[in-house]
Amino acid sequence: MKTIFYARVSTRDQTLDHQVTQAEAAGFKIDEVVADHGVSGVKHRLQERPEGHRLYDKLRSGDTLVVRWLDRLGRNYDDVTDSVRHFIRQGVIIRTVINDMTFDGSTTDPVQQAVRDAMIAFLAATAQAQAEANKIAQRAGIDLAKAKGDRFRGRKPSYDRATFELALSLLGLGNGPSTVSKQTGLSRQTLIRIRDEPAAATAAMERWGL
């Protein structure tokens, strides 16, 4: 039995080392890392990604699949839920770095199975909604940066894009600024600005090349 960490690396600051370090800091003991680089999570299903496809051959019953969040396992609600349920049926345990959630097939009670499946569906839907919100905010930020030009960049953000995305994801899941502050190292005031003005935060990162 082994623990495999799967990552999809698609942005400049969201490096593989950064994601692995986050997982290890959360207490995961990783035996092997499988990663897709430069692959869009919006356009490609897990099975369509070169390394993501390997997971279907590598994982065995009793193995643990660790991902930063469930959105790593698909491009939308249907893909994520299909992937998670496929691996559970194969006896694979799925764990997330964010909030340390566990999904497996250990329960045989139909009520508990229903609760588990409902939670998977809810989190997959939340992940898709957050991804769509991020795209809108990013587009708005780019447009704002272009409109203002390069003459005034303002204060440099205290976070990189990977930390921004992590903070936005945690806030989107209903975590308060104080809780997210402990997980990201960002101030409560900074997190409130990210939550309330994601487009402005994205624009600031664009102006500074972050």
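## Helix packing and cores in a predicted model

Helices α5 and α7 are roughly perpendicular to each other, therefore a good place to start; "roughly perpendicular" covers angles of 65 to 115 degrees, while under 35 is roughly parallel, over 145 roughly antiparallel and the rest oblique. This is a predicted model, so to speak of local features takes pLDDT of at least 70, side-chain atom pairs count only at pLDDT 80 or more, and totals for chains, interfaces and linings use all residues. Residues are numbered from 1 along each chain as its sequence is written, and side-chain values use heavy atoms, with hydrogens and water left out.**Where α5 meets α7.** The axes of α5 (residues 161-172) and α7 (residues 188-196) come within 10 Å and cross at roughly 75 degrees. Those axes are lines fitted to C-alpha atoms, over the stretch in contact for helices, and the angles run from 0 to 180 degrees between N-to-C directions. Helices here are DSSP runs of H or I with at least four residues, strands are E runs of at least two, and both are numbered from the N terminus. From α5, the residues F164, A167, L168 and L171 meet L191, I194 and R195 of α7, where contact means heavy atoms within 4.5 Å. By class, that contact has 6 nonpolar residues, no polar ones and 1 charged. Ala, Val, Leu, Ile, Met, Phe, Trp, Tyr, Cys and Pro count as nonpolar, Asp, Glu, Lys and Arg as charged, and the others, Gly among them, as polar.

**The cores.** Which residues touch the most other members of the largest nonpolar core? They are L55, L65, L73, F87 and I194, out of 38 residues in that core. Such a core is a set of buried Ala, Val, Leu, Ile, Met, Phe, Trp, Tyr and Cys residues joined through side-chain atoms within 4.5 Å. Buried means under 20% relative accessible area, exposed means over 50%, and partly exposed is in between (1.4 Å probe, protein chains only). At least two residues of this core come from each of β1 (3-9), α2 (50-58), β3 (64-67), α3 (77-89), α4 (110-148), α5, α7 and α8 (198-207). The top contributor is α5, which gives 6 residues. Leaving out residues up to four places away in sequence, L73 touches Y6, L46, L65, V67, D79, V80, S83, V84 and I94. Another core, of 8 residues, lies apart from the largest one and includes V20, F28, V66 and V97.

**Two helices with a buried side.** In α1 (residues 16-25), Q19, V20 and A23 are buried. Seen down the axis, the buried residues of α1 fall within an arc of 95 degrees, so they line one face of the helix; the arc is taken over directions from the helix axis to the C-beta atoms. These buried residues pack against β1 and β2 (32-37), whereas the exposed D17 and A25 sit on the face of α1 turned away from the buried side.

In α6 (residues 177-184), the buried residues include P177, V180 and T184. They cover an arc of only 65 degrees around the axis, which puts them on the same side of α6. The buried residues of α6 pack against α5 and α7.

**Positive phi.** Here are some residues with positive phi values.

| Residue | Place | Phi |
|---|---|---|
| G27 | just after α1 | about 100 degrees |
| G185 | following α6 | near 85 degrees |
| N99 | loop between β4 (93-96) and β5 (102-103) | about 70 degrees |
| D100 | loop between β4 and β5 | near 45 degrees |

N99 has its positive phi although it is not a glycine, and D100 is also a residue other than glycine. Are N99 and D100 buried or partly exposed? N99 counts as partly exposed at 38% relative accessibility, and D100 counts as partly exposed at 40%.
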